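Here is my note on the model you sent round, set out point by point. Please read it alongside the coordinates.

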Amino acid sequence: MTEKHFILEEADPIIFYGVNNTNMQMIKALHPKMRIVARGNVVKVMGDEEELCTFEENIEKLQRHCAKYNSLSEEDIIHIVRGERTKRDGIAGAIVFSVTGKPITARSENQQRLVEAFDKHDMVFAIGPAGSGKTYTSIALAVRAMKNKEVRRIILSRPAVEAGEKLGFLPGDMKEKIDPYLQPLYDALEDMIPRQKLNEMMEQNIIQIAPLAFMRGRTLNDAVVILDEAQNTTPAQIKMFLTRMGMNTKMVITGDMTQIDLPHSQKSGLIEALKILEDIDEIAVIHLNEKDIVRHKLVTKIVEAYERKEKALPLPLPYRAGSKDRQDYI
């Protein structure tokens with residue numbers, strides 16, 4: 001008999017083995033001539049050489065299914081081992097699947113335009129109000145690219161701009177002070193990647209989340225890089241960020257022009273960047289609006305109410321600087 005070890009590199013062992021190891025019991029039942037022992041992320045198998053080859057093919061298929069869909073059931077195992085399609089294989093339009101196995105899709109026309117722009121362009125600006133899905137959709141696209149091995153890593157960044165409290169007043173060390181600014185990015189990732197797997201990826205720097213200031217001096221190769229809340233960058237900061245782009249890299253820059261937290265005397269770098277780069281055909285700009293909001297229905301009404309109020313007031317300095325029409329940036 002031959003012994004071989006298989007390491008679950010892509011799939012989360014907790015999902016792969018199933019509750020109370022029900023999935024492993026099904027795998028053993030479908031390979032009765034094999035002796036199978038699973039511990040941690042290692043599956044040890046003993047059997048004849050020919051049967052080991054068949055088992056290796058099946059476990060690779062099962063692992064890919066588990067990694068792609070964040071789900072593996074006894075029914076899935078039976079279909080995959082028999083070479084049949086599973087129910088999830090027929091789901092169209094899914095960007096990735098959540099940790100509960102639910103498909104994450106573009107939920108509006110403009111979100112779909114963002115998906116298509118990401119596929120066709122290496123740099124995309126996604127501009128829209130709170131709740132329009134620009135950040136969540138962008139992170140889903142990044143996770144998909146990584147799972148499809150199109151890139152080796154994901155880098156997520158935000159400017160650490162105070163919206164009320166000063167950094168120095170917050171308790172803790174620098175990481176603890178900065179983490180609250182990055183929490184929305186953690187939340188989105190935790191929806192799409194099992195926690196244990198996410199922790200491993202962050203420890204190995206496959207997924208990096210860092211304040212914008214930490215980007216200086218880097219060349220970002222073979223990655224999807226997302227800059228969130230870009231309306232709070234200065235012109236110098238966003239220029240620095242955009243010029244970090246390396247080989248085989250895609251960048252997505254998201255922002256909401258109605259939520260600029262910079263001092264009134266400071267011009268938003270995002271507004272300037274959109275003007276400077278508007279004639280570069282290789283850069284896509286997607287504008288989302290209140291119709292794309294996918295949060296509670298009250299969020300749409302709140303955004304609309306604030307827009308009506310703002311249209312009745314003189315434009316604040318960040319909009320006036322270099323701009324004739326505020327609507328160009330919303």
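The points below take up the salt bridges, a charged surface patch, the cysteines and one loop residue.

1. The structure is a predicted model, and the remarks that follow should be read as statements about that model.

2. The count of salt bridges comes to twelve. One of them joins the side chains of K87 and E75, with an N to O distance of 3.8 Å. Because K87 lies in the loop between α4 (74–81) and β4 (94–97) while E75 belongs to helix α4, the pair ties together parts that are twelve residues apart in sequence. The lysine, K87, is exposed at a relative accessible area of 66%, whereas E75 is partly exposed at 39%.

3. A salt bridge between K250 and D122, at 3.7 Å from N to O, links distant parts of the chain, since K250 sits in strand β10 (residues 249–255) and D122 in the loop between α5 (109–120) and β6 (123–127), 128 residues apart. K250 has a relative accessibility of 18% and therefore counts as buried, the cut-off for that class being under 20%. Its partner D122 is partly exposed, with a relative accessible area of 46%.

4. E190 and R195 form a further salt bridge, in which the closest N and O atoms are 3.5 Å apart. Here E190 is partly exposed at 27% relative accessibility, while R195 counts as exposed at 53%. Elsewhere, R158, D228 and E229 are joined into one network by salt bridges that share partners.

5. Which residues form the negative surface patch? The patch is made up of E278, D279, D281 and E282. Of these, E282 is located in the loop between α10 (269–276) and β11 (283–287), and its relative accessible area of 56% makes it exposed.

6. How many disulfides does the count give? The count is zero, the criterion being a pair of cysteine sulfur atoms within 2.5 Å. As for individual cysteines, C53 is partly exposed at 38% relative accessibility, whereas C66 is buried at 2%.

7. Finally, N289 deserves a look in the viewer: this residue is found in the loop between β11 and α11 (297–311), and with 27% relative accessibility it counts as partly exposed. Although N289 and G131 are 158 residues apart along the chain, their C-alpha atoms are separated by 9.5 Å.

Methods. Residues are numbered from 1 along each chain as its sequence is written. This is a predicted model: local features need pLDDT of at least 70, side-chain atom pairs count only at pLDDT 80 or more; totals for chains, interfaces and linings use all residues. Side-chain values use heavy atoms; hydrogens and water are left out. Patches are made of residues with over 30% relative accessible area and no salt bridge: like charges are joined within 9 Å, nonpolar side chains (Val, Leu, Ile, Met, Phe, Trp, Tyr) within 5 Å. Accessible areas come from the Shrake-Rupley method with a 1.4 Å probe; for residues, only the protein chains shown count as cover. A salt bridge is a side-chain nitrogen of Lys or Arg within 4 Å of a carboxyl oxygen of Asp or Glu. Lys and Arg count as positive and Asp and Glu as negative; His and the chain ends are not counted. The place of a charge is taken as NZ of Lys, CZ of Arg, CG of Asp or CD of Glu. Helices (H or I, at least four residues) and strands (E, at least two) are DSSP runs, numbered from the N terminus. Buried means under 20% relative accessible area, exposed over 50%, partly exposed in between (1.4 Å probe, protein chains only).
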